[in-house]
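Student: I'm new to this one, so could you take me through a single part up close? I'd like to look at the place where the ligand sits.

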Amino acid sequence: MNQNELKKSLSKLELGDIRYFESIGSTNDEALAWAAADAPDLSLVIAEEQTAGRGRLDRKWFTPRGTALAFSLILRPSAEEKPHLSRTVGLAALAVAESLRTRGLAAQIKWPNDVLIHERKVCGILVESVWSGDEVDCVVLGIGVNVLKGSVPPADDLLFPATSLEEELGQPPDRVEVLSEILAAFLALRPRLISDELISLWQGLLAFHAKAVQVETGTTPPISGTFIGRDPVGRLRLLTAHGEIVTVRFGDVRLRPLT
Ligand code: BT5
């Protein structure tokens with residue numbers, strides 16, 4: 001990815017400033033520090049390689065050089081958006097899934113933060129916040145997309161099967177084009193953050209909907225049931241074998257199909 005080509009392609013989009021790195025620890029760390037300083041809304045940190053890419057709970061996210069997209073988008077939410085920030089992970093997942101679907105890929109969202117193609121993970125999202133007192137000042141949306149085959153980690157390092165866009169498309173897509181499409185989809189969807197329409201769009205793309213799943217929260221024993229979608233604030237809903245509806249909050253939740 002060439003920095004000039006990148007900035008030229010993205011200049012059509014209404015973004016804030018852009019910081020590009022050949023190699024970085026984690027784009028989210030850079031974005032959090034920049035957000036806590038003076039980053040304008042919709043500023044972007046992007047890197048060719050991450051040496052300490054993070055998932056949730058400090059799990060590792062692999063970003064080998066030149067094969068993937070690893071970027072963090074900084075949002076300075078408006079007063080109107082602030083009550084709805086729990087939906088930002090859904091907004092980001094929807095933007096990625098919708099943009100991949102326009103390429104003819106059957107992308108779906110695995111609640112809460114993954115995008116899958118044919119039940120294999122192609123994208124992971126890590127949302128982190130900068131607080132000012134007890135208010136969220138900025139949100140950092142960290143997005144990792146496996147573009148080329150070389151971005152997919154060895155199966156032994158994975159909690160869930162993974163794939164890449166190259167594998168799914170049968171040819172290698174241009175990374176800058178994929179990035180611009182995701183960002184354009186995000187900008188188009190952002191006004192819906194405050195609208196319940198976002199929930200139905202999200203619901204329409206949920207993987208494993210109406211299927212038997214198991215959810216691990218790390219604090220309680222695994223819960224099994226039929227995945228019946230999510231509620232307006234983004235919590236997952238399961239219908240148990242006893243006919244009871246259980247809701248599960250965000251956090252370190254792992255959802256997987258029951259085989
Ligand atoms: C995630 O966490 O899926 C969030 C990943 C967010 C990565 C982006 S890249 C830009 C920004 N900067 C960062 O430092 N992070 C963000 P989680 O649901 O906890 O999944 C982590 C798990 O996914 C790992 O434990 C591995 O099993 C698996 N994994 C790691 N790298 C992967 C990859 N490239 N493709 C698919 N799965 C991967």
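Tutor: A quick definition before we dig in: helices and strands here are DSSP runs, at least four residues for a helix and at least two for a strand, numbered from the N terminus. Keep in mind, too, that this is a predicted model.

With that in hand, look at what surrounds the ligand. α2 (27–36), β3 (68–75), β6 (120–132) and β7 (135–146) each give at least two residues to the shell around it. There are 30 residues around the ligand, and S26, R54, R59, K121 and N146 come nearest. Sort the shell by character and you get ten nonpolar, 13 polar and seven charged residues. As for the space that the ligand takes up, that's the largest pocket.

Now zoom in on some oxygen atoms of the ligand. One lies 2.7 Å from a backbone N or O atom of R54. For D157, a polar backbone atom is 3.2 Å from a ligand oxygen. N113 uses its side chain instead: a polar atom there lies 3.4 Å from an oxygen of the ligand. Overall, the protein covers 97% of the 790 Å² of accessible area that the ligand has on its own.

For another spot to look at, try H118, in the loop between β5 (114–117) and β6. H118 counts as exposed because its relative accessibility is 57%, and the cut-off for exposed is over 50%. H118 and R54 are 64 residues apart along the chain, and their C-alpha atoms are separated by 24 Å.

Technical notes:
Residues are numbered from 1 along each chain as its sequence is written. This is a predicted model: local features need pLDDT of at least 70, side-chain atom pairs count only at pLDDT 80 or more; totals for chains, interfaces and linings use all residues. Side-chain values use heavy atoms; hydrogens and water are left out. A residue is near a molecule or strand if one of its heavy atoms lies within 4 Å of it. A polar contact is a pair of N or O atoms within 3.5 Å; within protein, one must be able to donate a hydrogen and the other to accept it, and residues adjacent in sequence count only if both atoms are side-chain atoms. Accessible areas come from the Shrake-Rupley method with a 1.4 Å probe; for residues, only the protein chains shown count as cover. On a 1 Å grid over the protein atoms alone, a cavity is a set of points where a 1.4 Å probe fits but cannot get out, and a pocket is an open set with protein on both sides within 12 Å along at least five of seven lines; lining residues have an atom within 4 Å of a point. A molecule sits in a cavity or pocket if more than half of its atoms lie within 2 Å of its grid points. Ala, Val, Leu, Ile, Met, Phe, Trp, Tyr, Cys and Pro count as nonpolar, Asp, Glu, Lys and Arg as charged, and the others, Gly among them, as polar. Buried means under 20% relative accessible area, exposed over 50%, partly exposed in between (1.4 Å probe, protein chains only).
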